[in-house]
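Subject: Structure handover

Hi,

Here is the structure we talked about. Please open it alongside this note; what I found follows below.

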Amino acid sequence: MTEPRKSALEAPLHQPAAGGIAARARAAAGPQYLQGLNPEQREAVETLDGPVLVLAGAGTGKTRVLTTRIAHILSQGRARPQEILSVTFTNKAAREMKLRLGTMLGQAVEGMPWLGTFHSIGGRILRVHAELVGLKSNFTVLDVDDQIRLLKQLLQAENIDDKRWPARMLAGLIDGWKNRGLTPSQVPSGEASVFGNGKGGKLYTTYQERLKTLNAADFGDLLLENIRLFREHPDVLRQYQHRFKFILVDEYQDTNVAQYLWLRLLSQAPSPVIPEAAKRLSGIHNHGRSDMDSGPTPSGVSRNDDQSESEGYDLADTFENSFPSPLVGEGAEPRSGEAGEGWTRTGVDNNPSPGSLHSPPSPTRGEGFLKNICCVGDDDQSIYGWRGAEVDNILRFDHDFPGAKVIRLERNYRSTGHILAAASHLIAHNEGRLGKTLRTEDVDGEKVTVTGAWDSEEEARGIGEEIEQLQRQGNNLNEIAILVRASFQMREFEDRFVTLGLPYRVIGGPRFYERAEIRDALAYLRVINSPADDLAFERIVNVPKRGLGDATVQMLHDHGRKRRIPLSEAARAVVETDELKPKARGSLRGLMENFDRWRVQMETVPHTELAEIVLDESGYTEMWQKDRSADAAGRLENLKELVRSMEDFENLQGFLEHISLVMDRDSGPGEEAVSLMTLHSAKGLEFNNVFLPGWEEGLFPSQRTLDDQGRAGLEEERRLAHVGLTRARLRAKLYFATNRRIHGTWTTTIPSRFLDELPAHNVEVTESKGGGNWGGAGGYGGSRFDNMESFGSSYSTPGWQRAQQRRAQGGRGSGFDETGAAYDASPRGSTSSTPRSPRRAPMTIEGELIAKSTGTQSDFSLGDRVFHQKFGYGAVAKVDGNKLTIDFDKAGEKKVVDSFVERA
């Protein structure tokens with residue numbers, strides 16, 4: 001029975017009235033770093049005891065809350081800097097936190113060694129205890145190239161065809177298993193059998209063994225080996241559990257299973273020390289219970305991990321026995337809302353005995369059983385499921401940490417009212433979310449606009465017009481962004497901006513024509529157009545692999561320099577000799593024959609068809625079709641978009657000249673530029689004006705995502721749309737096209753279902769500024785879907801006027817024309833009335849015709865003694881131009897090019 005005096009002490013005390021003198025005076029006396037926080041932010045900062053989940057919507061000050069919370073912990077003396085574990089996802093985020101903390105606390109932030117990314121902190125722990133997992137402290141972390149090379153060696157050892165089963169595909173599988181916390185013995189047999197005719201699991205085991213032999217780890221091991229270390233060595237786990245008094249996690253919605261398991265282990269209160277023998281016996285015979293259990297446990301019911309402090313339950317054994325759960329043993333991952341599943345991921349029962357979760361800790365035990373962990377995230381911004389992120393981690397936070405306090409940050413400081421209302425109404429259609437509604441105290445601002453265009457080119461024109469208008473109104477180009485769902489959408493915008501002279505930058509990746517696959521394809525076309533283009537020839541001579549390595553290329557360079565001829569002509573000379581091994585010689589001869597055939601076809605075949613022929617016959621398309629990496633599909637789409645972009649040009653030469661101008665356009669330092677990026681790359685950024693093109697079924701939401709993941713994929717696509725809308729501060733402009741090239745074929749598209757999920761009160765439907773009515777009826781009419789020769793439009797940009805002037809002069813449309821003549825309406829292969837541009841005269845180098853290379857007369861004569869670096873000494877037996885037949889003393893008769901021998 002509670003003593004009366006104690007009850008009196010625990011009675012609610014008088015609280016100062018909100019806004020009163022006492023409340024304002026107390027606020028003024030508080031720390032400076034708390035000034036300016038709204039009530040929800042301040043609650044998130046000052047709630048230091050027990051587990052806390054901060055649901056921070058877009059633009060609600062998440063980073064400020066996280067850094068201020070650390071400052072508050074330190075200023076209150078609750079922990080020293082080295083006793084705080086703060087994990088982020090990127091080095092950039094970690095640097096920003098350190099910078100902000102340095103501003104608040106001065107030099108104290110320098111003493112925070114455990115502020116960093118998951119993998120950097122995991123790597124640091126692993127180096128301290130490397131011997132316990134079979135490594136040395138100076139182990140090497142392999143990069144992707146080293147990992148692929150090692151896997152290729154293992155495939156060869158198992159006699160597995162690396163063309164059918166690429167090493168890159170195996171690397172992706174292993175990375176996925178490690179992201180789910182699966183060691184080789186835990187990979188489900190069904191998953192292991194999908195690679196190498198059932199040898200995937202064996203290869204994973206061999207790969208891990210080989211890494212130990214090399215004293216190396218890959219990126220995934222930095223967490224996977226941490227988990228194994230903590231499970232197999234509870235004393236090490238207890239050491240870090242005691243060390244970290246506070247744990248803070250940023251972007252918790254983006255954690256994968258391995259990151260989740262790592263955090264769950266560290267976030268438990270330390271278990272008592274159990275003798276090693278007793279611990280082993282308890283793990284084997286009692287399914288994780290120890291002799292120190294305070295009472296019996298009902299059969300079939302797991303104890304809650306959070307009870308380990310007060311009941312003597314061994315957490316290490318809990319996780320040991322939890323791994324055979326459906327997540328690890330069967331390959332199935334628990335989803336929120338599934339009945340009867342318990343919480344088998346960690347051995348936590350969702351239906352513990354009444355009163356066990358919220359009872360106070362034993363007064364004799366020093367610490368409470370609830371760990372001080374604070375996770376900050378937004379379930380509405382979980383958009384990285386394709387790389388292993390589990391949104392369930394944040395949705396089930398209260399199950400993992402019973403009694404957790406959930407604080408919602410819903411006051412947005414970024415966007416206007418109409419934008420927030422549209423974004424909130426859209427995301428409300430998702431079922432898998434904890435629920436919150438963003439609001440703002442700012443003005444409603446402009447409504448979200450939705451604009452339809454006839455095709456993707458009109459879409460690009462319309463957006464270009466709006467950007468020019470915003471620029472004329474004084475808007476900074478740095479505050480304008482175009483966010484696309486797929487990278488291939490960027491190409492038309494890049495071309496359009498070059499035409500308009502608008503500077504732009506691509507964020508999160510190279511510009512379209514700077515991507516590796518596009519540069520490779522262009523290199524083939526450049527060599528066809530200009531055989532003397534050595535840089536292009538060298539780029540693709542061994543792409544795809546033809547057995548022509550660096551030594552072969554160096555030989556061609558040596559011969560080319562001596563004879564002052566391009567590499568392609570050097571190659572023609574070398575393949576007629578015995579300088580190369582038969583296999584390499586045959587590959588090089590085949591490549592040169594291909595180029596000869598393609599140049600003949602260039603005269604008769606449309607350049608778009610020629611590009612497709614080259615990509616297919618060279619094996620380049622097949623190379624990416626066989627590549628099983630995550631970005632292979634995107635690269636193939638980019639190649640199709642490249643071929644489509646060539647339709648706007650009369651011939652190959654005109655297209656390549658256009659590309660040279662595009663590649664030459666670069667923003668100077670500090671120059672204003674429009675930002676162009678994918679929606680995934682835009683997370684964490686914000687702009688005054690945001691354009692969102694391509695809101696069509698199949699593109700957004702992505703059909704591939706819907707096919708692979710069903711409803712879960714649809715919800716992630718909707719979260720992606722939510723992220724896109726909330727990047728805008730002042731204006732959000734949505735576009736869709738009625739016709740778009742998809743997988744190389746023009747298709748009539750349907751507007752995205754997301755458009756109908758927007759609130760009508762906050763949306764305005766507008767007409768495209770890229771032309772008139774759809775289909776060319778009274779509009780610009782330059783679509784490839786009709787053959788109208790008359791425009792009859794009031795469209796009057798400088799580019800339009802230039803096009804009209806050139807048209808009046810009878811000029812043919814080039815890549816910069818905006819006229820209907822830019823598209824050749826004549827059937828493919830037909831004879832056009834417009835004469836083809838004259839063929840370029842033969843190229844010369846320093847006044848010497850390059851074609852004379854094989855016809856030059858050698859300086860050597862019959863019977864001359866010569867020396868060859870590879871074949872040794874010999875005598876000239878025959879002279880044929882610059883090719884010699886030499887009878888070598890030891891190697892016998894060989895054909896060589898005269899530039900590779902010297903007089904003896």
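Start at Gly377, which sits in strand S7 (residues 373-377). Helices (H or I, at least four residues) and strands (E, at least two) are DSSP runs, numbered from the N terminus. Before going further, a word on the source: this is a predicted model, where local features need pLDDT of at least 70, side-chain atom pairs count only at pLDDT 80 or more, and totals for chains, interfaces and linings use all residues. Residues are numbered from 1 along each chain as its sequence is written, and side-chain values use heavy atoms, with hydrogens and water left out.

**Strand S7 and its partners**

Gly377 counts as buried because its relative accessibility is 1%. Buried means under 20% relative accessible area, exposed means over 50%, and partly exposed lies in between (1.4 Å probe, protein chains only). The rest of S7 is covered too: five of its five residues are buried. Both faces are closed off. Ile373, Cys375 and Gly377 are on one side, with Cys374 and Val376 on the other.

What does Gly377 touch, beyond residues up to four places away in sequence? Its contacts (heavy atoms within 4.5 Å) are Val54, Leu55, Ala56, Tyr252, Gln253 and Ile394. Leu53 is 324 residues from Gly377 in sequence, yet their C-alpha atoms are 7.9 Å apart.

S7 pairs with two strands, S1 and S6. Two strands pair if DSSP finds at least two bridges between them. Strand S1 (residues 52-56) runs parallel to S7 over four bridges. In that pairing, Val52 stands opposite Cys374. Strand S6 (residues 246-249) is also parallel to S7, over three bridges. There, Ile247 has Ile373 as its bridge partner.

**Nonpolar cores**

A nonpolar core here is a set of buried Ala, Val, Leu, Ile, Met, Phe, Trp, Tyr and Cys residues joined through side-chain atoms within 4.5 Å. The largest one has 53 residues. Those with the most contacts inside it are Leu522, Phe537, Leu556, Leu588, Phe595, Leu642 and Phe655. Helix H23 (residues 516-529) gives the most to this core, with eight residues. Another core lies apart from it. That one has 42 residues, among them Phe139, Leu223, Tyr252 and Leu265.

Back in the largest core, look at Phe537. Leaving out residues up to four places away in sequence, Phe537 touches Val527, Leu556, Leu567, Ser568, Ala571, Leu591, Met592 and Phe595.

**Aromatic rings**

Rings of Phe, Tyr and Trp (its six-membered ring) pair if their centres lie within 6.5 Å; planes under 30 degrees apart count as stacked, over 60 as edge-to-face and the rest as tilted. By this rule there are 23 aromatic pairs. Take Phe230 and Tyr240: their ring centres are 6.1 Å apart and their planes meet at 55°, so the pair is tilted. Phe230 is in helix H11 (residues 221-232) and Tyr240 in helix H12 (residues 234-243), ten residues apart. Both residues are buried. Phe497 and Tyr504 are tilted as well, because their ring centres are 5.9 Å apart and their planes are at 50°. Phe497 and Tyr504 are both buried.

Ring pairs also join Trp114, Phe230, Tyr240 and Phe244 into a cluster. A charge sits over a ring if NZ of Lys or CZ of Arg is within 6 Å of the ring centre and within 35 degrees of the ring normal. Arg124 lies over the face of Trp114, 4.5 Å from the ring centre. Arg127 does so over Phe139, at 4.0 Å.

**Helices H30, H29 and H21**

Asn638 is in helix H30 (residues 632-645). Its relative accessible area is 3%, so Asn638 is buried. Beyond residues up to four places away in sequence, Asn638 touches Ser487, Phe488, Phe512, Arg515, Glu517 and Ile518.

Thr621 belongs to helix H29 (residues 620-626). Thr621 is buried, at 14% relative accessible area. Setting aside neighbours within four places in sequence, Thr621 is in contact with Leu615, Asp616 and Leu636.

Helix H21 (residues 456-472) has 17 residues. From first C-alpha to last, H21 reaches 24 Å, close to the 24 Å expected at 1.5 Å a residue. That expected span is 1.5 Å times one less than the number of residues. H21 is mostly covered, with 14 of its 17 residues buried. Gly474 follows H21 and has a positive phi, near 95°.

Best wishes
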